[in-house]
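Trainee: I want to learn how to read a ligand site and a surface patch. Where do we begin?

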Amino acid sequence: MPALGLSLAQSAPVRSARRGARRIARLWRRSLRFRTLVITLGLTAVAVLVTCVAMALAVQNNLWEARKDQALDDARRAANSAQAAVDAADTQGNRTALVGVVRDVRERLDSVSAGTMTAAFPIDNGSGQTAPQGFLSNGFPEDLVSDQMRQRVVKDASKQWWQPVALRDSDGSEHAGIIVGQQLAVPEAGSYELYIAYDLADTERTLVLVQSSLWVAGVVLVALIGAIAWFSLRSVVLPITEAAETSARFAGGDFAVRLPVRGQDELATLGRSFNAMADSIEAQIKELGELSLVQQRFVSDVSHELRTPLTTIRLAAEMLNDHREEFDPTTARTAELLQTQVHRFDTLLADLLEISRYDAGSVQLETEATSLAHLAEELVEDMRPLAASHDTELRYVAPGGHTPVDLDPRRVRRILRNLIGNAIEHGEGRPIVVTVDSNQNAVAVGVRDSGLGMTAEDAERVFDRFWRADPSRRRTIGGTGLGLSIALGDARLHRGSLAVHSTLGGGSHFVLTLPRGARPLEGASPVPLETADALDAIGVATAPIETLAERSPAGAIEEES
Ligand code: ADP
């Protein structure tokens, strides 16, 4: 197929040309230096071109004009000299003498004029008188003078005429020349057309030299301006690039970076302003950091301080609750409520203490080789009574995840307890599926309910501290609003991820993914986050999905599909 072959052969250069064009377009967009340089070079080249053309034309005109005037002067002088000699000759009608006069004219013209060749042709005046023949000296070609010029010379005896011609050398090469024509009146023989040819080869050479020097100067000028622009742009662009990099590092959290300030110019002013701004931001951030540290310490101290009186209150509440049969119904109910609320208070304090430990960065993993499948199974069994009290069926599926991996069992159990507790709380009594699976990079557990679910906006905030989707929702288990943010902290401590996919009215699916070994999470989570239905999850539990470990702050949030 030759047509296809041709199109393939053509496509390679076309492709590389397109690639080159794209690279240039990218440079044009991204590099201020490149853009300014191209514009400077383009405008300079146009300016230099126009100047060079104008100068070349002016030089050419002047040079030719001067040489033409010189030739006309010279021809006039030579013709006048010849005319004077002819007028002085006394031939007395002698034809031989007349022939001698014409020969003298030729010799005089050759010696007096600066022309290279001369020619004379007798003008037929119609009198029948035969004038001596004219002449063609130094190889003057007979056809060199155009008929038009000859007619003009014949017609007007008082004027000089000129015409540019191409003169041919003996070696056949051509160069510029000019012919000047006028009349010469020879007494008793009539008028002659007189032509003198001037060679302008040296003028032509001078012109070529001047013009080529002009072009070389033009190209050198453009190159010089390009180089100057490149270096002067460097002195502007480099500090700008430095400022951009420093700002990026500052934005990335390196608050100690500053711009070097040299001299008093605008760039120095920019540097000083930037550094002043950086100082002020750094000071404010430090102040805020100190404030937040004070707050953290306050929360931690208050929680600690509250623990001792709370323990006493809890013991008292438990004692009262244990003896509630002895009280009247109202007091008994109050004792019961007191016991519940004190328990909630206790949980809240424990959660607050845990959060303040995260904030202080003082939490540490206590890992041991644990089978996630066994851990999840045990926990599901532990939570069955709670699920049963909510008429909820707990299903457990574990296609993988039996091999032990290094994890902190206490924390993973806490995460799962929170996820399953939430699923029971918000699952509307529908079955809950706990799926455990693994691949070569990670182990994962998913908790899927088919209950109330959340909107995509709510799902984005689900890991925020003290956040609740709908505060008016009926609460039976009595969480603190800190459960999921602690769970996310625990997942991150394992360098894992906790992600959620939820649809309003369609239920939620929380997936905890933990890396095997020391390497960070990569690739797909063994438990797909999006499953069409709680029970379908069993069928597709091992289908790969993308890992969402990097999403923050709320782990990975999937939009409603
Ligand atoms: P708590 O459960 O103590 O309120 P969490 O941090 O565990 O706190 O959960 C925060 C909020 O996220 C809950 O109040 C609830 O509104 C929402 N939520 C958590 N899990 C689910 C779920 N499975 N289905 C619907 N909403 C949920």
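Mentor: With the residues around the ligand. This is a predicted model. The ligand has 18 residues around it, and N422, D449, A469, G481 and L484 come nearest.

Trainee: Which elements each supply at least two residues of the shell around the ligand?

Mentor: α9 (409-426), α11 (483-493) and β12 (507-515) do. The most comes from α9, which gives 3 residues.

Trainee: How do the residues of the shell divide into nonpolar, polar and charged?

Mentor: Here 6 are nonpolar, 8 are polar and 4 are charged. Glycine is counted among the polar ones.

Trainee: How do I read polar contacts to the ligand?

Mentor: Look for a pair of N or O atoms within 3.5 Å. In this model, a backbone N or O atom of G481 is 2.8 Å from a ligand oxygen atom. For G483, a backbone N or O atom lies 3.5 Å from an oxygen atom of the ligand. L484 has a polar backbone atom 2.8 Å from a ligand oxygen.

Trainee: How much of the ligand does the protein bury?

Mentor: The protein buries 98% of the 530 Å² that the ligand exposes when taken alone.

Trainee: Now the surface. Which residues make the nonpolar patch?

Mentor: F298, V299, V302, L306 and F345 make it, over about 400 Å². Helix α6 (residues 266-322) provides the largest share, 4 residues. F345 lies in helix α7 (residues 329-360).

Trainee: Why can F345 count as part of a surface patch?

Mentor: Patch residues need over 30% relative accessible area. F345 has 37%, so it passes that cut-off while being partly exposed.

Methods
Residues are numbered from 1 along each chain as its sequence is written. This is a predicted model: local features need pLDDT of at least 70, side-chain atom pairs count only at pLDDT 80 or more; totals for chains, interfaces and linings use all residues. Side-chain values use heavy atoms; hydrogens and water are left out. A residue is near a molecule or strand if one of its heavy atoms lies within 4 Å of it. A polar contact is a pair of N or O atoms within 3.5 Å; within protein, one must be able to donate a hydrogen and the other to accept it, and residues adjacent in sequence count only if both atoms are side-chain atoms. Accessible areas come from the Shrake-Rupley method with a 1.4 Å probe; for residues, only the protein chains shown count as cover. Patches are made of residues with over 30% relative accessible area and no salt bridge: like charges are joined within 9 Å, nonpolar side chains (Val, Leu, Ile, Met, Phe, Trp, Tyr) within 5 Å. A salt bridge is a side-chain nitrogen of Lys or Arg within 4 Å of a carboxyl oxygen of Asp or Glu. Buried means under 20% relative accessible area, exposed over 50%, partly exposed in between (1.4 Å probe, protein chains only).
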